[in-house]
2 protein chains.
Amino acid sequence: MIQFTKISLLACFCCLMFSKVKSQSNFTIQSPDKKISLSVNQSANKLIIYNLKFGNEFVIENSLVGFELSKPKIKLNTFTWLSTDTSSVNETWKPVWGEVSEIRNQYKKLVVHLKSTSNVLLDLEFRIFNEGLGFRYYFPEQADFKHFIVKNELTQFKLSGNHKTFWIPGDYDTNEYLYNTTLLSEIDATKAANQEKDIALQSLIGKNSIQTPLMMKSKTGLYINIHEAALVNYPVMHLDLDKATLTLTSHLTPDAVGNKAYLQTPFNTPWRVINVSDKAEKILESKMILNLNEPSKITDASWIKPQKFIGMWWEMHVGKSDWFKASGKHGANTENVKKYIDFAAENNFDGVLVEGWNQGWEDWFGNWKEDVFDFVSPYDDYNVNYLSEYAKQKGVKIIMHHETSGSATNYERHIDKAFDFMKNHGMNTVKTGYVGKIIPRGEHHDSQWMVNHYERVAKKAAENQIMVEAHEPAHPTGLHRTYPNWLANEAARGNEFNNAPTLGLRPEHETILPFTRLMGGPMDYTPGFFHFNLIQYDPSRKQKVKTTLTKQLALYVTIYSPLQMAGDFPENFQKYPDAFQFIRDVPVDWDDTKVISAEPGEYVVTARKKKNSEDWYLGSISDENSRKMNFKLDFLKENTEYEATIYKDGPKASWDKNPQDYVIEKMKVNNKSSLSLQMAAGGGFAVSFKKL
Amino acid sequence: MIQFTKISLLACFCCLMFSKVKSQSNFTIQSPDKKISLSVNQSANKLIIYNLKFGNEFVIENSLVGFELSKPKIKLNTFTWLSTDTSSVNETWKPVWGEVSEIRNQYKKLVVHLKSTSNVLLDLEFRIFNEGLGFRYYFPEQADFKHFIVKNELTQFKLSGNHKTFWIPGDYDTNEYLYNTTLLSEIDATKAANQEKDIALQSLIGKNSIQTPLMMKSKTGLYINIHEAALVNYPVMHLDLDKATLTLTSHLTPDAVGNKAYLQTPFNTPWRVINVSDKAEKILESKMILNLNEPSKITDASWIKPQKFIGMWWEMHVGKSDWFKASGKHGANTENVKKYIDFAAENNFDGVLVEGWNQGWEDWFGNWKEDVFDFVSPYDDYNVNYLSEYAKQKGVKIIMHHETSGSATNYERHIDKAFDFMKNHGMNTVKTGYVGKIIPRGEHHDSQWMVNHYERVAKKAAENQIMVEAHEPAHPTGLHRTYPNWLANEAARGNEFNNAPTLGLRPEHETILPFTRLMGGPMDYTPGFFHFNLIQYDPSRKQKVKTTLTKQLALYVTIYSPLQMAGDFPENFQKYPDAFQFIRDVPVDWDDTKVISAEPGEYVVTARKKKNSEDWYLGSISDENSRKMNFKLDFLKENTEYEATIYKDGPKASWDKNPQDYVIEKMKVNNKSSLSLQMAAGGGFAVSFKKL
């Protein structure tokens with residue numbers, strides 16, 4: 001499936017030459033398009049220093065690398081520079097599913113072979129793309145250094161200015177924070193975290209600690225994004241900011257005893273990734289993180305299918321029904337689930353998510369209890385055999401829900417039988433959940449043990465031909481390339497936070513998400529709310545969904561995911577059949593993607609070409625401001641007529657006053673056409689372009 | 001299988017009366033034989049106080065009870081005394097296997113119903129036997145108190161004198177210490193622990209913390225033993241000594257974050273057990289701990305068989321071969337194991353233990369590595385299919401070895417397949433091992449999570465009709481009654497420590513073990529060493545086995561276990577066929593047991609009647625002193641002639657100079673006969689009595 005087109009390895013003579021001359025300790029390499037350049041140097045006191053430039057402008061100023069170990073108790077930060085290798089790669093590969101059908105992987109590579117003054121061999125591998133830099137540490141096999149324990153990673157990212165920054169507080173257990181937009185110097189994670197009242201569990205790191213993907217914009221107009229790729233067998237990296245020097249330093253998530261990672265040579269760390277461009281759209285189009293992940297480990301991927309689904313979920317969040325049976329309004333009863341199956345079948349949804357189907361919800365949260373669910377015991381009003389058969393007849397799949405309440409040990413104990421149960425009932429997709437304090441106690445959602453757990457679940461699911469989406473996992477880092485059955489994750493503040501009484505969401509939220517959380521991979525954001533005042537369900541719910549209706553439609557395009565929910569429940573969709581048509585139509589797998597226009601915190605306009613089709617879909621969203629967007633349709637196929645169906649905010653629409661005012665227009669267009677469309681405050685529009 | 005003969009519940013009127021009169025807060029109850037009396041009182045400041053007397057002598061002076069919780073953050077130590085129940089029980093039951101065929105369970109019961117001043121309902125249940133006291137806490141179901149987290153248990157045992165004490169240092173991760181014999185006031189656990197150099201992992205609690213079972217002897221000649229029974233879903237109790245008041249206080253083993261137990265009502269704690277007698281022999285014969293455990297959960301126990309086995313194990317310890325293949329002297333190769341199977345078949349052993357059969361031993365220890373073994377992948381020189389078939393033909397079972405290296409999470413992940421592998425290869429007994437730091441990291445061998453793990457393994461083994469013996473588990477507390485497939489444990493310093501270069505064992509060791517570790521249940525002590533100077537295997541090994549040869553024989557009787565290894569390897573047994581005959585003959589299941597004479601730290605003489613037979617076996621062991629033992633054979637069946645075969649130390653025998661000097665005599669005896677036999681320094685004798 002993957003086409004390798006290796007261009008060249010620099011001649012060995014060249015490498016040897018480098019390893020002999022003095023200049024070995026000062027090495028510069030440029031991106032294929034020569035716009036970005038990396039320098040790696042050695043200081044007089046044996047430190048290794050790198051910096052990164054975009055044109056003549058520093059993106060990362062001189063920054064250090066290295067480690068502190070707790071076993072053996074040594075630092076790896078002063079080195080002998082042994083030798084240097086360079087090479088370049090230019091290849092393309094085809095993802096199993098995605099935003100585009102083919103991905104180019106083009107970079108120049110620099111490997112610096114080091115030996116620490118404490119006698120440990122350590123390589124630094126840099127890959128420089130047209131979009132930025134990825135680098136990682138590699139511990140080769142060596143005689144006297146095999147097992148080791150990381151106390152701290154010392155990687156620095158020294159920024160060149162007091163950038164505008166889109167950030168959430170560093171936290172070992174949650175990434176469900178609202179984004180903050182401030183200058184670097186104004187970051188106060190403690191203050192931001194203290195304003196949050198609706199996150200199930202917080203483990204704040206400190207005032208100056210923030211999370212990746214971290215989006216920044218320099219005063220000179222550079223867009224800079226820092227994240228990690230291929231987070232495997234290693235804890236999540238957070239970032240500590242030193243405001244005096246504007247330096248970010250890697251802050252790894254600790255385990256129960258304060259260690260960070262238990263490793264064994266040979267070992268590659270995850271990639272530290274710096275995406276940079278003078279165009280915001282290029283950040284969103286970058287495939288660097290995917291390119292830095294390993295190819296798919298699933299040889300036969302024919303059973304993996306992007307999916308659109310509905311589910312019994314939002315009705316529980318808004319208080320119409322409940323997860324646990326003794327509540328007296330148990331949602332997952334046979335009759336109710338049947339209704340969802342019928343609706344899914346009528347509207348061509350692939351799946352129906354059913355939450356609250358299994359015993360254990362009575363005391364599932366807040367007790368740090370280990371044995372909560374067994375994942376195979378339905379409540380007695382949920383006829384799993386009947387519903388499995390019924391769904392099968394209707395051509396719909398029931399999506400399994402495995403809420404673990406954070407008790408990962410318990411989930412691992414039951415997972416084999418749980419997957420057997422799924423297969424015996426014709427289910428092949430599972431939504432996992434990790435709400436609550438982690439067990440093993442003292443571990444965190446972001447610690448190495450849990451990072452390994454999420455991967456174990458994805459691997460075991462793959463062995464069972466099961467697709468996974470995880471809620472409350474560690475932040476995604478492109479592993480969906482390696483495990484394409486791992487379709488999506490939550491790992492951010494989702495649409496459900498429209499139900500949160502305190503901060504909720506802000507209209508700008510979805511314009512920041514693509515530049516932050518979504519850099520790591522697809523999200524189950526659960527768009528598609530058609531009702532906005534939640535008080536209609538429950539008098540205590542004063543909160544509102546903070547978008548217009550057509551913005552909810554646009555999210556199916558601006559937020560990429562191979563697994564898209566239609567979040568609202570059937571009767572609410574049935575009231576707006578014309579608008580609902582867009583959700584019925586919009587695909588979840590694409591041949592191509594064009595980010596037409598974007599600015600973090602303000603707007604995103606994205607067009608995508610349906611898989612194996614000439615049809616296109618476009619989504620455009622705005623923050624709290626009304627905006628007119630003008631754009632050409634030059635992405636459409638040449639010499640081809642399309643019927644465009646435009647779902648746009650009505651003239652009186654606004655997220656806070658009139659979210660349900662919308663207009664649907666149809667017109668003929670081609671690739672010479674332009675559109676000029678108004679978005680309401682907190683609004684947006686969606687367009688389908690069907691080839692005539 | 002269990003016969004209940006409930007005698008009576010005191011009339012309810014009686015209980016009500018107690019709950020009305022003032023004297024409810026001062027309650028005394030006596031053992032069935034009236035020798036032991038318990039008083040429970042309430043102080044003016046609402047504390048609950050108990051004390052225990054043997055005759056007129058205090059065993060436990062006024063001592064407090066209670067808890068400190070970390071969630072909710074309250075203390076449970078001041079109470080309203082709500083009411084009092086009393087009852088008595090007199091019943092017998094038959095163990096699946098054991099030292100006796102029938103066990104009497106006779107006690108008086110006192111339940112004090114309390115409500116803490118923080119409004120938590122809590123019962124104190126006391127059971128007073130002729131042998132001592134067991135008491136536990138019970139948290140009934142109640143409206144506003146369901147899940148809770150224990151920070152500390154506040155149970156006190158205030159001793160009445162500065163007793164002679166047989167103790168080991170309190171340690172969360174090991175109970176493999178050498179026993180110390182000092183006055184209570186002289187205890188220094190830190191000093192004792194620092195002298196130990198050969199224990200794989202130590203997590204010392206502190207200078208004044210010691211372990212149970214704790215054996216003491218008062219100046220007045222009372223033998224007092226403190227332990228716990230039915231340790232289920234709760235951490236191991238250690239004891240903190242306050243030397244000023246000679247008070248021991250419960251010290252529970254913490255988890256990774258410092259909590260002790262995560263509990264949910266209704267919940268019973270383990271029993272706190274005080275065994276007391278003026279005769280040392282009565283302590284050893286007590287069945288109180290078994291009586292305080294729940295009846296067997298295994299309804300069909302027909303597949304559970306006490307076993308005698310040999311194994312590939314000691315040859316590894318003494319350096320003759322090794323566990324891991326790359327050593328160049330891999331023990332568990334097909335040819336070598338075949339030899340063991342042949343020897344087992346020739347000598348009527350039930351099983352052959354094979355250690356080092358599976359891949360992973362290269363780096364199994366010391367790295368806190370999680371994924372060490374998969375428990376199903378043999379080394380390539382170990383032909384598991386061939387050997388399974390060969391063993392079957394020979395009528396021998398291969399005993400599986402599951403060393404986890406402390407990585408319990410990894411074991412739980414693989415255990416289903418590991419048990420399937422065993423069944424597919426005709427194995428039905430597993431030796432588990434937990435050498436090394438526990439994973440989940442931060443947990444301890446003795447913490448609640450691991451206590452639950454050991455029980456989970458026993459339960460899952462039972463579901464698979466597999467018998468278990470665990471090495472390096474928490475101290476046993478009589479759970480072999482509830483899970484009779486859990487045959488034995490190590491959980492103490494075993495015979496293998498004869499190979500430890502620093503402290504090793506002392507000749508007194510096995511005279512202390514029955515009064516300490518063995519109070520909780522059977523041990524896989526691995527007696528049966530016939531070679532004593534380990535230098536013969538390896539010039540670096542200066543250490544010696546510190547017994548005589550016939551003392552090694554006697555251990556098969558003085559140390560009770562349904563799973564007895566013949567520790568040495570075949571060629572060493574073959575050199576002493578006459579002495580080896582005792583090991584061939586001695587059974588591992590008994591109808592009756594008489595402790596003829598015993599003094600902790602000095603000597604033990606025990607006789608046991610073979611299951612379903614009139615034959616008896618007797619073992620007698622001494623400490624470092626030579627002793628003559630005179631005793632009657634009145635335990636033999638009346639009017640019956642027996643052939644006694646006496647295996648005794650030779651005239652020149654001593655543990656340090658001449659351990660292999662032994663004499664075998666045969667004579668006819670009956671229940672009117674007496675024997676007078678000399679034990680050498682560090683020696684002993686063994687006798688078989690076969691009915692003629």
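**Sheet, interface and two residues of a predicted model**

Tutor: In chain A, four strands form an open sheet in the order β8-β7-β13-β22, with antiparallel pairing. This is a predicted model: local features need pLDDT of at least 70, side-chain atom pairs count only at pLDDT 80 or more, and totals for chains, interfaces and linings use all residues. Residues are numbered from 1 along each chain as its sequence is written, chains are lettered from A and ligands numbered from 1 in the order in which they are written, and side-chain values use heavy atoms, leaving out hydrogens and water.

Student: What makes β8 and β22 of chain A edge strands?

Tutor: β8 (75-76) and β22 (261-264) each have a single partner strand, so one side of each is without a neighbour in the sheet. The strands themselves are DSSP runs of E with at least two residues, just as helices are runs of H or I with at least four, and both are numbered from the N terminus.

Student: How do you know that β7(A) pairs with β8(A)?

Tutor: Two strands pair if DSSP finds at least two bridges between them. Two bridges join β7 (residues 67-71) to β8(A), running antiparallel, therefore the condition is met. One of the partnerships is that of E68(A) with K75(A) in β8(A). A hairpin with three residues links β7(A) to β8(A).

Student: What joins β7(A) to β13(A)?

Tutor: Four bridges do, between β7(A) and β13 (residues 147-153), again antiparallel. In β13(A), E68(A) has N152(A) as its bridge partner. In general, strands of a sheet pair through backbone hydrogen bonds, either parallel or antiparallel.

Student: Over how many bridges do β9 and β10 of chain A pair?

Tutor: β9 (residues 79-93) and β10 (residues 103-116) are antiparallel over 14 bridges, and D85(A) is partnered by V111(A) in β10(A). β10(A) also pairs with β11 (residues 121-129) over eight antiparallel bridges; there K115(A) has L121(A) as partner. The hairpin of β10(A) and β11(A) has four residues between the strands, and N119(A) takes a positive phi near 75°.

Student: Why is L222(A) called buried?

Tutor: Buried means under 20% relative accessible area, exposed over 50%, and partly exposed in between, with a 1.4 Å probe and protein chains only. L222(A) has 4% relative accessibility, so it counts as buried. L222(A) sits in the loop between β18 (214-217) and β19 (223-229). Leaving aside residues up to four places away in sequence, L222(A) has contacts (heavy atoms within 4.5 Å) that include F54(A), E57(A), M216(A) and V276(A).

Student: Why is E57(B) called partly exposed?

Tutor: E57(B) has a relative accessible area of 26%, which falls between the two limits and therefore earns the middle label. E57(B) belongs to strand β6 (residues 57-64) of chain B. Beyond four places in sequence, E57(B) touches L52(B), S218(B), T220(B) and L222(B).

Student: What makes E57(B) and T220(B) a polar contact?

Tutor: A polar contact is a pair of N or O atoms within 3.5 Å; within protein, one must be able to donate a hydrogen and the other to accept it, and residues adjacent in sequence count only if both atoms are side-chain atoms. The side chains of E57(B) and T220(B) make such a contact at 2.3 Å.

Student: How do you know that E412(A) and R413(B) form a salt bridge?

Tutor: The rule asks for a side-chain nitrogen of Lys or Arg within 4 Å of a carboxyl oxygen of Asp or Glu. The closest N and O atoms of E412(A) and R413(B) are 2.5 Å apart, so the pair qualifies. The count between chain A and chain B is two salt bridges.

Student: How many residues are in contact between chain A and chain B, and what area is buried?

Tutor: 25 residues of chain A are in contact with 25 residues of chain B. The buried area, meaning the accessible area (1.4 Å probe) that two parts lose on being put together, summed over both, is about 2,200 Å², with 48% from carbon and sulfur atoms. H147(A), R413(A) and R441(A) supply 25% of the area that chain A buries against chain B, more than any other three residues.
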